[in-house]
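I opened this model for the first time today. These are my notes on what I looked up, in the order I looked.

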Amino acid sequence: MSKPCIICVAITGSLPRKENNAAVPITIDEQVESTQAAFEAGASIAHCHVRNDDQTPSSDPEKFERLMEGLKKHCPGMIIQFSTGGRSGAGEARGGMLSLKPDMASLSVGSNNFPNRVYENPPQLVEWLAAEMLKYDIKPEIEAFDLSHIHQAVSLSNQGKLKSPLYVQFVMGVKNSMPADKPTFDFYIETLKRLAPDAQWCGAGIGANQYLLNEWSIAAGGHTRTGLEDNVRLDRNTLASSNAELVARTVALCSKYQRPVATWKKAREILGLKIT
């Protein structure tokens, strides 16, 4: 298969801490350094969160601005994707950094259960975040934690509330949400192709499911996500040494399935983003 595979690296997230794995980058400088190594290893998208000094998640636009400046300087051309996830803020604070105009931003279009809480994405907030992304010419990455989220994304796109073509990420393996189940994964692909034939898709597995989703996605011709946000280990007994090590493992899977790894230029071309 000759279709290039876009590798996204989720560099830090909101939950992993130094006590889980010392390689988790917390400060802006640590995140820039970790992302640069992952970029050089083959990642073309950086999925970004920011943290406070005590490692708790933040939605502070000033922190996002400093992170974006560092990434543009040290990872020229890499696609910068901000998270609008709900662990780092509430309500419209989740999109307070969108005025910085990153290339992409994550967008969850529906609610679902997480391990110990409900991940709330009410329709009014979803539509506000989608409108902000249209306003600032930001491409959404739809986070599909459930089959209904695919249908909702297509509905919003058909209404002109999301830019087309869609980019949808299937997130599997979150406790109390959609498990990493191969027939369901295959049905996700079939459903998206049926409802939005021009859409691109990506697979992300949480925890021990990361490598599994990487392989399923690469083998099926999709794109994939790795990184310390989703998984801090190489296996049950071995901590990952860096985001770059997880990216390198994904690059090896691309080689196994004869998928070229998308450069940042090719990734921008596939996703319809400006080449800066």
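Entry 1, the sheet. Which strands make up the closed barrel, and is the pairing parallel or antiparallel? I found eight strands in the order S1-S2-S5-S6-S9-S10-S11-S12, paired in the parallel sense. On average, neighbouring strands of this sheet are turned by 25 degrees against each other, with direction ignored. I keep in mind that this is a predicted model.

Entry 2, one strand pair. I picked strand S11, residues 200-205, and strand S12, residues 223-226. They pair in the parallel sense over two bridges. I looked up Gly203 and found that its bridge partner in S12 is Thr224.

Entry 3, a helix on the barrel. I then asked what lies across S1 and S12. Helix H7, residues 243-256, does, and it runs at about 160 degrees to S1, which spans 7-10.

Entry 4, aromatic rings. How many aromatic pairs does the structure hold? I noted nine. I took up Tyr119 and Phe145, whose ring centres are 5.8 Å apart. Their planes stand at 85 degrees, so I put the pair down as edge-to-face. Tyr119 belongs to strand S8 (residues 118-119), while Phe145 sits in the loop between strand S9 (139-144) and helix H4 (147-158). The pair therefore ties together parts that are 26 residues apart in sequence. Both Tyr119 and Phe145 are buried.

Entry 5, another ring pair. Phe170 and Phe185 are also edge-to-face, with 6.3 Å from centre to centre and 85 degrees between the planes. Phe170 lies in strand S10 (residues 167-172) and Phe185 in helix H5 (residues 182-195), so this pair joins parts that are 15 residues apart in sequence. I checked burial here as well: Phe170 is buried, and Phe185 is too. Ring pairs link Phe170 and Phe185 with Tyr188, Trp201 and Trp216 into a cluster.

Entry 6, Ser108. I went back to Tyr119 to see what its side chain meets, and found a polar contact of 3.2 Å with the side chain of Ser108. Where is Ser108 placed? It is in the loop between strand S6 (104-107) and strand S7 (112-113). Is Ser108 buried or exposed? Its relative accessible area is 6%, so I entered Ser108 as buried, the cut-off being under 20%. Leaving out residues up to four places away in sequence, Ser108 touches Tyr119, Asn121, Val126, Glu143 and Phe145. Ser108 thus touches both members of the ring pair from Entry 4.

Definitions and conventions: Residues numbered from 1 in each chain as written. Predicted model: local features only at pLDDT ≥ 70, side-chain atom pairs only at ≥ 80, totals over all residues. Heavy atoms only, no water. Pairing = 2+ DSSP bridges. Helix = DSSP H or I, 4+ residues; strand = E, 2+ residues; numbered from the N terminus. Axes fitted to C-alpha atoms, helices over the stretch in contact; angles between N-to-C directions. Contact = heavy atoms within 4.5 Å. Phe/Tyr/Trp six-rings, centres within 6.5 Å; stacked < 30°, edge-to-face > 60°. Buried < 20%, exposed > 50% of the residue type's maximum accessible area, 1.4 Å probe, protein only. Polar contact = N/O pair within 3.5 Å; in protein donor to acceptor, adjacent residues only side chain to side chain.
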